[in-house]
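Hi everyone, thanks for coming. Please have a look at the sequence and the structure on the screen, and then we'll walk through them together.

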Amino acid sequence: MRTNSAIFALAGWMLCGTVWGQECAQTIEGNDLLQFNLAEMRVSAACEDVTITLKHVGMLPGNVMGHNWVLTTTADYMPVAAAGQASGPPEYLPIDDPRVIAATNIIGGGEETSVTFDISELEPGGDFTFFCTFPGHYVLMNGKFIIE
Ligand SMILES: [Cu+2]
C-alpha cells in the first residue's frame, strides 16, 4: 500500500508538471490603462503549488501605475483592497495579514514578478478573487480565481 501511494503521488506530480503544467503556472498581464488581460484564472486542484507571473506591459513607473497580483477570498477582496491602500507605498499591502493568500510585489512598466503558493489548503470551488492593491486599481483590476 505504501509503495502504491508513493507511485500515485509521483504520477500526480508528473501530471501536474507536464499535462497540467499550463494550469499550475500561469501568466497575467497588467497595462497602463488599469487593466489585467484576464477576467478569470483557472487552476487545477491537482496542482500543489501554483506560480503566477505578473507582467506589466505598460510604460509607466511603479510609483504612478504600479501593479501587483493579490489573492484573497471574494469576501476579503474589498476589505483587503482598503487595507492595502491604507498601508501605503511602496507595496500597498497590509503586512502579515492572514486574509492575503498570495501576493506579488508592486512592479512598474516593463517589469515582471511572480509568486508561488500552496493551494492544497484552499477549497476547490471556493470563491476567490485576485486584484491589484495599488490605490483605486482594485475597482477595474480584479478577476475570479477558480480552483477546479
Ligand atoms: Cu494596479
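Let's start with disulfides: how many does the structure hold? There is one, and please keep in mind that we are looking at a predicted model. For anyone new to the term, a disulfide is a covalent bond between the sulfur atoms of two cysteines. Here the partners are C24 and C47, and their sulfur atoms sit 2.1 Å apart. The angle about the S-S bond is -85 degrees, which gives a left-handed link. Now, which parts does this pair tie together? C24 belongs to helix α2, residues 21-24, while C47 is in the loop between β2 and β3, so the link joins parts that are 23 residues apart in sequence. And are these two cysteines buried or exposed? Both C24 and C47 are buried.

Let me step back to the whole chain for a moment. It has four helices and eight strands. If you read from the N terminus, the order is α-α-β-β-β-α-β-α-β-β-β-β. The chain has 148 residues, and 41% of them count as buried.

Now to the sheets. A quick reminder: strands of a sheet pair through backbone hydrogen bonds, either parallel or antiparallel. One open sheet here has three strands, in the order β1-β3-β6, and its pairing is mixed. Which strands stand at the edges? They are β1, residues 25-30, and β6; each has a single partner strand, so one side of each has no neighbour in the sheet. On average, neighbouring strands of this sheet are turned by 20 degrees against each other, if we ignore direction. Looking closer, β1 and β3 run parallel and are joined by six bridges. If you'd like one bridge to find on the screen, Q26 has I52 in β3 as its partner. Hold on to I52, because we'll meet this residue again when we reach the largest nonpolar core.

There is also an open sheet of five strands, ordered β2-β8-β7-β4-β5, and its pairing is mixed too. At its edges are β2 and β5, the latter being residues 102-103; each has a single partner strand, so one side of each is left without a neighbour in the sheet. Let's go through some of the pairs. β2 and β8 are parallel, with four bridges, and V43 stands opposite I147 in β8. β7 and β8 are antiparallel, with four bridges, and here F128 has F145 in β8 as its bridge partner. Finally, β4 and β5 run antiparallel and are joined by two bridges, with V70 opposite A103 in β5.

What about the inside? In soluble globular proteins, nonpolar side chains tend to be buried together. In this model the largest nonpolar core has 26 residues, and the members that touch the most others are I52, W69, F117 and F145. So which elements give two or more residues to this core? They are β2 (40-43), β3 (49-56), β6 (112-118), β7 and β8. The largest share, three residues, comes from β3. Apart from this core there is another one, of seven residues, including V70, Y77, V80 and V100. You've just met V70, opposite A103.

I've saved the metal for last. Which protein atoms are the donors of the copper ion? They are O of G66, ND1 of H67, SG of C132 and ND1 of H137, at 2.1 to 2.8 Å from the ion. Along the sequence, the spacing of the donor residues is G-H-x64-C-x4-H. H67 is in the loop between α3 (62-65) and β4 (70-73), and C132 is in the loop between β7 (128-131) and β8 (142-147), so this pair ties together parts 65 residues apart in sequence.

And why is the arrangement around the copper ion called irregular? For comparison, the ideal angle for four tetrahedral donors is 109.5 degrees. To count as tetrahedral, all angles must lie between 85 and 135 degrees. Here the four donor atoms subtend angles of 75 to 132 degrees, and that makes the arrangement irregular.

One last pair of values: H67 is buried, with a relative accessible area of 0%, and C132, at 0% relative accessibility, counts as buried as well. Thanks for listening!

Conventions:
Residues numbered from 1 in each chain as written. Predicted model: local features only at pLDDT ≥ 70, side-chain atom pairs only at ≥ 80, totals over all residues. Heavy atoms only, no water. Donors = N, O, S within 2.8 Å, 3.2 Å for Na, K, Ca; no water. Tetrahedral: all angles 85-135°; square planar, octahedral: opposite > 155°, others 65-115°. Buried < 20%, exposed > 50% of the residue type's maximum accessible area, 1.4 Å probe, protein only. Core = buried A, V, L, I, M, F, W, Y, C linked by side-chain atoms within 4.5 Å. Disulfide = S-S within 2.5 Å. Pairing = 2+ DSSP bridges. Axes fitted to C-alpha atoms, helices over the stretch in contact; angles between N-to-C directions.
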